[in-house]
Amino acid sequence: MRFLQDKENKRYMGFLAVFCLLLAAVFLISWAMQGIWMRDSLFLWENTAASSLLAQGVPEETVALAFKNTEATAEGKALLAKIGHTEENSLMLFPDIRQGMERSGLLLLCGGAALCIVLTLGAVGYLRTRDRAYERADRAARQYADGDFSQRLSTGGTGTMERLFGTVDRLAAALKAKGESEKKAKEFLKDTISDISHQLKTPLAALHMYTEIISDEPGDTETVRIFAAKSEESLARIDRLLRLLLKVMRLDAGSVAFEKKEVHVEELAKAACADLCVRADQEKKALIFEGAEDTMLRCDEEWTAEALGNLVKNGLDHTQSGGCVKISWKRTPAMVRICVEDNGSGILPEDIHHIFKRFYRSSGDSGIQGLGLGLPLAKSIVVCQGGVLSEKSAPGEGTAFTLSFSDSGAR
């Protein structure tokens, strides 16, 4: 019976059990006392009858035989009828019986009244306890409605009401989490809009300036060509910024459905660097691929290539002419690791813990073109696929980023 799991219900049922025992005790005592009174009344009648008979000269042997006799005769019944002692007489006409009934009734009345008082007090106590619990639940529900989730209803019991209170507590926790999530989403949207506005200021101001220069000197072909090219660069920067932001926001919103399939890691790495090979040649930097040809990885090819491409671009950004960026991969019994390593300037110790923050720019990156979104995007892509992106760097010695995918995603 589930209701007996409730602590208050247990107490009340225990109280009812004690009440039933008291009720039985009252009836047993009343029954015993009634027997005693009947015995005393019978003994008194026998005593008075014997005294009367002896006073009238009836021999003691005859009196003794009369009290020992167990058979009733017609003559005896007729004699009692003459003096008015018949079965039709009311019990109240016999003083001894009337007195015994009065005593028994008084005892039952007093015992019953006491038990009713006890039952009433127990029921009132139980209902008051329940009422306090309901009042506490009402206050907590009102606080939940007002956004205050500090109070808890459940006390850890197993009864029906405790389970209900536990469910309400879980609902309150879900509402609190939802509220915090919505608050974070609003703050993130606010910060994102602020970051976009800040990032667009520079290229838009440059575009405005280039347009004025071209408008002021429309006849100077060289000037128009130079600043048209600069305008193209600013537009490309804006385009890349918006595309990266869109990808980051899609990942944050959970609207990206990763389509995992088996891919060769070598083909994945070369596809990720396809658009960067020309840049590497122009800047006289080497892209090196190293790893077993048959290494397979189960992942979303397009998104994973995006992450690798951003890591390689970051390596090219921080590597001087004549340097190199190496993309290597290796399968272990538990996972597949892809490493993007460069021999560039490295990361300062004070910056190493901030490189995956959006729009974060190190003080040493003032001369490097970048948006501060490539590394955060790469990490989000890897983490959303169940992988881990770690970094290792030393100033002046280069940086290595390692993508690790467990055996459940690697084949």
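**View 1. K313 and D317 share helix α9.** Four residues, about one turn of the helix, separate K313 from D317. The two form a salt bridge, with their closest N and O atoms 3.0 Å apart; the term salt bridge is used for a side-chain nitrogen of Lys or Arg within 4 Å of a carboxyl oxygen of Asp or Glu. K313 is buried, and D317 is buried too. Here, buried means under 20% relative accessible area, exposed means over 50%, and partly exposed lies in between (1.4 Å probe, protein chains only). Helices (H or I, at least four residues) and strands (E, at least two) are DSSP runs, numbered from the N terminus. Please keep in mind that this is a predicted model, in which local features need pLDDT of at least 70 and side-chain atom pairs count only at pLDDT 80 or more, while totals for chains, interfaces and linings use all residues. Residues are numbered from 1 along each chain as its sequence is written, and side-chain values use heavy atoms, with hydrogens and water left out.

**View 2. D317 also meets R279 in a salt bridge.** The closest N and O atoms of R279 and D317 are 2.5 Å apart. R279 lies in helix α8 (residues 277-282) and D317 in helix α9 (residues 301-317), so this pair ties together parts that are 38 residues apart in sequence. Both R279 and D317 are buried. Step back a little, and a network of salt bridges links R279, E283, K285, K313 and D317. The structure holds nine salt bridges. Side chains of opposite charge can pair when their charged atoms come close.

**View 3. R142 and D138 form a salt bridge in another part of the model.** The N to O distance between these side chains is 2.9 Å. R142 and D138 are four residues apart in helix α4, so about one helical turn separates them. How accessible is R142? R142 is exposed, with a relative accessible area of 54%, and D138 is partly exposed at 39%.

**View 4. Helix α4 (residues 95-145) also holds V118.** V118 joins V18 and L22 in a nonpolar patch on the surface, and together they have about 210 Å² of accessible area. Patches are made of residues with over 30% relative accessible area and no salt bridge; like charges are joined within 9 Å, and nonpolar side chains (Val, Leu, Ile, Met, Phe, Trp, Tyr) within 5 Å. V118 itself is partly exposed, with a relative accessible area of 32%. Accessible areas come from the Shrake-Rupley method with a 1.4 Å probe, and for residues only the protein chains shown count as cover.

**View 5. K284 sits in the loop between α8 and β2 (286-290).** Its phi is near 55°, a positive value in a residue other than glycine. Most residues other than glycine have a negative phi, and most peptide bonds are trans. K284 counts as exposed, at 63% relative accessibility.

**View 6. Strand β4 (residues 324-331) pairs with β2 in the parallel sense, over five bridges.** Two strands pair if DSSP finds at least two bridges between them. Here A286 stands opposite C324 in β4. β4 is also joined to strand β5 (residues 335-342) by seven bridges, and these two run antiparallel. Across this pairing, R331 stands opposite V336 in β5. Three residues make up the hairpin connection from β4 to β5.

**View 7. Strands β6 (residues 388-394) and β7 (residues 398-406) run antiparallel, joined by seven bridges.** L389 has L403 in β7 as its bridge partner. Three residues lie between β6 and β7 in this hairpin, and G396 in the turn has a positive phi of about 80°.

**View 8. Helix α6 (residues 221-253) has 33 residues.** From its first C-alpha to its last, α6 reaches 47 Å, close to the 48 Å expected at 1.5 Å a residue; the expected span is 1.5 Å times one less than the number of residues. Which residues of α6 are buried? Among them are F227, I238, L241, L244 and K247. Just after α6 comes G254, with a positive phi of about 70°.
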